[in-house]
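Hi everyone, thanks for coming. I'll walk you through a structure that's new to most of you, so let me put it up on the screen.

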Amino acid sequence: MLASKRILLIIGGGIAAYKSLDLIRRIKERGATVTPVLTRAAEEFVTPLSASALAGEKVYRALFDLTDEAEMGHIQLSRSADLIVVAPATADMMGKMAGGLANDLASTLLMATDTPVLCAPAMNVRMWDHPATQRNLEQLQEDGVRFVGPNEGDMACGEYGPGRMSEPLEIVAAIEAQLADGPLKGKRILVTSGPTHEPIDPVRYIANRSSGAQGTALARALSALGAEVVFVTGPADVPPPQGVQVVHVETAQQMSNAVDAALPVDAGVFAAAVADWHVAGASDRKLKKSRDGLPSLAFSENPDILKRVSHMEQGRPALVVGFAAETNDVLENATAKRDRKGCDWIVANDVSPATGIMGGSENAVVLISSSGAEEWPRMGKDAVADRLAQKIAEALAG
Ligand code: CTP
């Protein structure tokens, strides 16, 4: 339910705008008020009258409207909402947002606000895949903008692929998750996830088999309990969760920097499989078999992010959770690792190939804390994530 929540709905100019009319109804059914803002291009697809009639509210359109400014200036309009939803978020709108442009009412509202923003992109598949859009997406995710969709399917332009706007009920679910009043509401939690890639030269790197599945499930579970999640991820196999701030990194050093930038947080969960070493003096040109002969690689140690954060004298998160991927003597190794790293909890698991855990969908963990070891039965990574998120909520409440 969204009782008494206020949603500012920015409707961009794309064919998917017709779904935004239904979205208005669905949001209103759940008890929220919707104030629609139409871009000029949106008016080519839906009329201000339909949006206003469905919302039961005035529709805002032009930036320099004297009556609107007298009644409620654009700054006030952008800040009085609990959430700004941009649906459809066109390629043009995403470009403006990422670039910080403010040349119409919608883009000005987005620049002037400190209210969380949720985007539901919709565009042609080629436009979605275009490097410019993907770059803008990453920038916006880093800026804290949340995303729902796009979905894959047949498109109005006759092509097939990702680019369809999420269905109104999916967008409503993302809005509800965003405004959830769970036990972690008001808590900011950092999650690291996925492998890191350590370059050898511009085309080769050293990596590991982490898929990012467990970290992704955790971020999703924490967000569902109402936490504001900053998700710092290496190049993972699974897509990042929707509705959280995503920071993409490649190397351990970049992950370390991104973690610093995310602090302060109430809890840090370090699920990433961080490479312990990087190649010292990685080549900035491709190593050639004919010219360079057999390469010999020298390694340097990477920053130990978990250890560093655990030992922070100032700004240490109230709860620091590490993971221990072990192939033998799991309990002993993980207990020693908890002491060595200085974290509060260690989630230990056996990643020897026979378990099928690394890269698989299940996990069997032992949670090690100051009060001892708690063995959990083997279960799906989503279930492990839910249980751990619940435990984190209890710890932060206590
Ligand atoms: N970790 C980290 N930074 C690193 C290495 C590891 O933050 N440079 C974190 C991982 O995210 C994980 C925990 O430390 O939460 C343990 O990672 P693991 O690779 O199992 O530990 P190592 O430090 O590599 O210890 P060992 O080599 O003894 O297994």
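**Starting at the ligand**

Let's begin with one contact: a backbone N or O atom of Pro-303 sits 2.8 Å from a nitrogen atom of the ligand. Before I go further, keep in mind that this is a predicted model. Now, Ile-305 also has a polar backbone atom in play, 3.0 Å from a nitrogen atom of the ligand. And then there's Lys-337, where a polar side-chain atom comes to 2.6 Å from an oxygen atom of the ligand.

How much of the ligand's accessible area does the protein cover? On its own the ligand has 580 Å² of accessible area, and the protein covers 79% of that. As for where the ligand sits, the space it takes up is the largest pocket.

Okay, so who's around it? There are 16 residues around the ligand, and the ones that come nearest are Phe-270, Ala-272, Phe-323, Lys-337 and Lys-341. You'll recognise Lys-337 from the side-chain contact I just mentioned. If we sort the shell by class, we get 10 nonpolar residues, one polar and five charged.

Which elements each supply at least two residues of that shell? They're helix H13, residues 305-310, strand E16, residues 319-326, and helix H14, residues 330-341. The one that gives the most is E16, with four residues.

Let's zoom out to the whole protein chain. Its secondary structure adds up to 15 helices and 21 strands. The chain has a radius of gyration of 23 Å, close to the 21 Å that the globule rule gives for 398 residues, so it's as compact as a globular protein of that length. If you want a feel for the dimensions, the C-alpha atoms fill a box of roughly 70 × 60 × 40 Å along the principal axes.

Last bit, some backbone details to look for when you scroll through. Gly-149 and Pro-150 are joined by a cis peptide bond, with omega at about 5°. You'll find Pro-150 in the loop between strand E5 (146-147) and strand E6 (151-154). There's also a cis peptide bond from Leu-263 to Pro-264, with omega near 0°. That proline, Pro-264, is in the loop between helix H11 (252-262) and strand E13 (267-270).

And what about phi of Ser-4? It's near 60°, which is a positive value in a residue other than glycine. To find Ser-4, look in the segment before strand E1, residues 6-11.

That's my tour, thanks for listening.

Definitions and conventions: Residues numbered from 1 in each chain as written. Predicted model: local features only at pLDDT ≥ 70, side-chain atom pairs only at ≥ 80, totals over all residues. Heavy atoms only, no water. Near = heavy atom within 4 Å. Polar contact = N/O pair within 3.5 Å; in protein donor to acceptor, adjacent residues only side chain to side chain. Areas by Shrake-Rupley, 256 points an atom, 1.4 Å probe, with all protein chains shown as cover. 1 Å grid on protein atoms, 1.4 Å probe; cavity = no way out; pocket = protein on both sides within 12 Å on 5 of 7 lines; lining within 4 Å. Sits in = over half its atoms within 2 Å of the grid points. Nonpolar A, V, L, I, M, F, W, Y, C, P; charged D, E, K, R; others polar. Rg over C-alpha atoms; globule rule 2.2 N^0.38 Å.
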